[in-house]
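Here is a short briefing to read with the structure beside you. Take it one topic at a time, and find each part on the screen as you go.

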Amino acid sequence: MNRFDRNLQIIYVAILMSTLIYAVVAWTTTHAIGPGKTLSDELRDPVTIALYSVAAGTFLAAMIIRARKLLIVRWAMLEAACICGLIAAMMHGDWRLYIAPWALALIGFITLYPRVRMGIR
């Protein structure tokens, strides 16, 4: 494994851990508040729909881009999907709204794990 690949793995873990931090922030800042409406009402809210749409769009864009040199950008796009979920959760005071964008981003992170390049030094 060359130094570039090792650095990529460090950045990958750091960005992935930031999504866990967002999950903790969503839970701790909204847990005491509790949901004001039902989850189905919150999911029908136009702002939630817009944020979820942006999260899905950034996920799709991250999956469409294929250049290895843009791998960090792709990870940042997945992180942006999580941020959309965090905003929705904090706006409604319901941490559960973070789960769907986070799960989508985790699928992307699993898909985009930095694999070692062979034969390049």
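Helix 5 has 13 residues, which should span 18 Å at 1.5 Å a residue, and its end C-alpha atoms are indeed 18 Å apart, so the two values agree. Keep in mind that this is a predicted model. With that said, let's look at helix 5 a little more, and then at the rest of the protein.

**Helix 5 and its buried side**

- P101, A105, G108 and F109 are the buried residues of helix 5.
- These residues cover an arc of only 100 degrees around the axis, which puts them on the same side of helix 5.
- A general rule helps here: an α-helix has 3.6 residues a turn, so residues three or four places apart point the same way.
- What do the buried residues of helix 5 pack against? Their partners are helix 1, helix 3 and helix 4.

**The whole protein**

- The protein has 5 helices and 0 strands, and along the sequence the pattern reads α-α-α-α-α.
- Its C-alpha atoms fill a box of roughly 55 × 25 × 15 Å along the principal axes.
- Of its 121 residues, 37% count as buried.
- The protein exposes about 7000 Å², and carbon and sulfur atoms supply 73% of that area.
- Take the contacts between residues at least 6 apart in sequence: 76% of them join residues at least 24 apart.

**Helix 3, end to end**

- Helix 3 covers residues 46–64, which makes 19 residues. From its first C-alpha to its last it reaches 27 Å, close to the 27 Å expected at 1.5 Å a residue.
- Which residues of helix 3 are buried? They are T48, L51, A55, T58, F59, A62 and M63.
- These buried residues cover an arc of only 140 degrees around the axis, which puts them on the same side of helix 3.
- On the other side of helix 3, P46, L60 and I64 are exposed.
- The buried residues of helix 3 pack against helix 2 (39–44), helix 4 (71–92) and helix 5 (99–111).

**Around the start of helix 3: D45 and T48**

- D45 sits in the loop between helix 2 and helix 3.
- D45 caps the N-terminal end of helix 3, with a side-chain oxygen 2.8 Å from the backbone nitrogen of V47.
- Is D45 buried or exposed? Its relative accessibility is 17%, so D45 counts as buried.
- Leaving aside neighbours within four places in sequence, D45 is in contact with K37 and H92.
- T48 lies in helix 3 and is buried, with a relative accessible area of 1%.
- The side chain of T48 reaches the backbone oxygen of E42 at 3.0 Å.
- Not counting residues up to four places away in sequence, T48 touches E42, L43, H92 and L97.

**The largest nonpolar core**

- In soluble globular proteins, nonpolar side chains tend to be buried together.
- The largest nonpolar core here has 26 residues, and the members that touch the most others are M63, W75, L78, Y98, F109 and L112.
- Helix 1 (3–31), helix 3, helix 4 and helix 5 are the elements that give two or more residues to this core.
- Which helix gives the most to this core? Helix 4 does, with 9 residues.
- For a closer view, pick L78: it touches F59, A62, M63, A105, G108, F109 and L112, not counting residues up to four places away in sequence.

**Two more residues to find: S18 and M90**

- S18 has its place in helix 1 and is buried, with a relative accessible area of 12%.
- A polar atom of the side chain of S18 lies 2.5 Å from the backbone oxygen of I15.
- S18 and E79 are 61 residues apart along the chain, yet their C-alpha atoms are separated by 7.9 Å.
- M90 belongs to helix 4 and is partly exposed, with a relative accessible area of 43%.
- M90 touches T29 and T30, not counting residues up to four places away in sequence.
- M90 and M63 are 27 residues apart in sequence, and 27 Å apart in space from C-alpha to C-alpha.

Conventions. Residues numbered from 1 in each chain as written. Predicted model: local features only at pLDDT ≥ 70, side-chain atom pairs only at ≥ 80, totals over all residues. Heavy atoms only, no water. Helix = DSSP H or I, 4+ residues; strand = E, 2+ residues; numbered from the N terminus. Expected span 1.5 Å × (residues − 1). Buried < 20%, exposed > 50% of the residue type's maximum accessible area, 1.4 Å probe, protein only. Arc of directions from axis to C-beta. Contact = heavy atoms within 4.5 Å. Polar contact = N/O pair within 3.5 Å; in protein donor to acceptor, adjacent residues only side chain to side chain. Core = buried A, V, L, I, M, F, W, Y, C linked by side-chain atoms within 4.5 Å. Areas by Shrake-Rupley, 256 points an atom, 1.4 Å probe, with all protein chains shown as cover.
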